[in-house]
Amino acid sequence: MNAFVETWLTADATPAHDARVLTEGGSLARIVLDGQVYSLRITRAGKLILTK
């Protein structure tokens, strides 16, 4: 799954990631931080939900 993720910088140099790219066109992506796995989900309404 280690696909290329397009990243760009905002005006204040903060990295920005496209959620649709992270989910590879689906509605769910897993994000790991310090060994903890989180789920990023895109709802049918187009909103993002991040859960542990």
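## Order of elements

Along the sequence, the chain of this predicted model runs β-β-α-β-β-β. That amounts to one helix and five strands.

## Surface and contacts across the chain

The chain has 52 residues, and 15% of them are buried. Its exposed surface is about 4,300 Å². Carbon and sulfur atoms supply 55% of that area.

Long-range contacts in sequence can be put as a share. Take the contacts between residues at least 6 apart in sequence: 2% of these join residues at least 24 apart.

## The β3–β4 hairpin

Strand β3 spans residues 28-33. Strand β4 covers residues 36-42. The two pair in the antiparallel sense, over six bridges. Within this pairing, L28 stands opposite R41 of β4.

Two residues lie between the strands of the hairpin. D34 has a positive phi there, near 50°.

In a regular strand, side chains alternate between the two faces of the sheet.

## T23 in the loop before β3

T23 sits in the loop that links α1 (19-22) to β3 (28-33). Its relative accessible area is 6%. The cut-off for buried is under 20%, so T23 counts as buried.

Which residues does T23 touch, leaving aside those up to four places away in sequence? They are L28, A29, L40 and I42. L28 is also the residue that stands opposite R41. The loop residue T23 is thus buried and touches L28 and I42, among others.

Notes:
Residues are numbered from 1 along each chain as its sequence is written. This is a predicted model: local features need pLDDT of at least 70, side-chain atom pairs count only at pLDDT 80 or more; totals for chains, interfaces and linings use all residues. Side-chain values use heavy atoms; hydrogens and water are left out. Helices (H or I, at least four residues) and strands (E, at least two) are DSSP runs, numbered from the N terminus. Buried means under 20% relative accessible area, exposed over 50%, partly exposed in between (1.4 Å probe, protein chains only). Contact means heavy atoms within 4.5 Å. Accessible areas come from the Shrake-Rupley method with a 1.4 Å probe; for residues, only the protein chains shown count as cover. Two strands pair if DSSP finds at least two bridges between them.
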